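Let's take a walk through a protein model together. Have the sequence and the 3D view ready, and follow along as we go from strands to core.

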Amino acid sequence: MALSRLETLAGILGVGVSRMRKIIVGAAVLVAAFSTAAQADIKVGGWDVSDKPDKGVCTASREYRDKDDENRMNGIALVVSKDNAGKDILVVSLAYEGWDWDKDEKTTADFKIDRRVLYRKAVWQAADKTILTGTFTQADELIDALGQGQTMYLTFDKDSEANFRIPNAGMALGAAKLCLGKG
């Protein structure tokens, strides 16, 4: 009768099969715990950084209520990824409780950091009625500007502008970019 792998391993280590099973279960629990801890969200400079390098993306996000705008909720999600050439891609999702977009509606807006125009007429698409998302390839300059900025602006036309506070975005984006290196 052939020995099972478990029996063979138990014999090599000089422990019984039942003890070997406990060792394997304990090791599996530890691996699961460390895997979960390695992928847990962390707080960096007031931002939540989601550490998901195995999926090829890492996200820095924050939300706040704007006391100067009827206490409406604002949210920012910055998703860092890489293209096939290894260049940074940045997906920016902006949520504003006062918006009322149609799902998949497209619009354009000048994208500014601290009033400096980075992209004229950038294309944004509504994920739902309160969220706009823009995708920026070769985003190194944008990531640098976000890292140094305090406020992000979308200027739709001369009479319509949205602004989002982005304090410590550089720290959060740095953590998000570091997490990509783990994947």
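## Strands side by side

In strand β8, the residue that bridges to A126 is L132. Keep in mind that this is a predicted model. That bridge belongs to the pairing of β7 with β8 (residues 131-136), which is antiparallel and has three bridges. To get from β7 to β8, the chain makes a hairpin through two residues.

Now look at the other neighbour of β7. Strand β6 (residues 106-113) pairs with β7 (residues 116-128), again in the antiparallel sense, over seven bridges. These two strands also form a hairpin, with two residues between them. One residue to find in that turn is D114, which has a positive phi of about 50 degrees.

Here are the two pairings in one place:

| Strand pair | Sense | Bridges | Residues in the hairpin link |
|---|---|---|---|
| β6 and β7 | antiparallel | seven bridges | two residues |
| β7 and β8 | antiparallel | three bridges | two residues |

## Zooming in on T107

T107 sits in strand β6, and its bridge partner in β7 is W124. Is T107 buried or exposed? T107 is buried, because its relative accessible area is 18% and the cut-off for buried is under 20%. What does T107 touch, leaving aside residues up to four places away in sequence? The list is W101, A122, V123, W124, L132 and F156. You've met two of those already: W124 is the bridge partner of T107, and L132 is the bridge partner of A126.

## The nonpolar core

In soluble globular proteins, nonpolar side chains tend to be buried together. In this model, the largest nonpolar core has 42 residues. Helix α4 (residues 169-180) gives the most to this core, with seven residues. The residues with the most contacts inside the core are L90, W99, F111, W124 and M152.

Try clicking on L90. Not counting residues up to four places away in sequence, L90 touches a long list of residues, among them L78, V80, F136, L146 and L173.

## Stepping back

How many helices and strands does the protein have? There are four helices and ten strands. Along the sequence, they come in the pattern α-α-β-β-β-β-β-β-β-β-α-β-β-α. Of the 183 residues in the protein, 37% are buried. As for the outside, the protein exposes about 10,900 Å², and carbon and sulfur atoms supply 53% of that area.

Technical notes
Residues are numbered from 1 along each chain as its sequence is written. This is a predicted model: local features need pLDDT of at least 70, side-chain atom pairs count only at pLDDT 80 or more; totals for chains, interfaces and linings use all residues. Side-chain values use heavy atoms; hydrogens and water are left out. Two strands pair if DSSP finds at least two bridges between them. Buried means under 20% relative accessible area, exposed over 50%, partly exposed in between (1.4 Å probe, protein chains only). Contact means heavy atoms within 4.5 Å. A nonpolar core is a set of buried Ala, Val, Leu, Ile, Met, Phe, Trp, Tyr and Cys residues joined through side-chain atoms within 4.5 Å. Accessible areas come from the Shrake-Rupley method with a 1.4 Å probe; for residues, only the protein chains shown count as cover.
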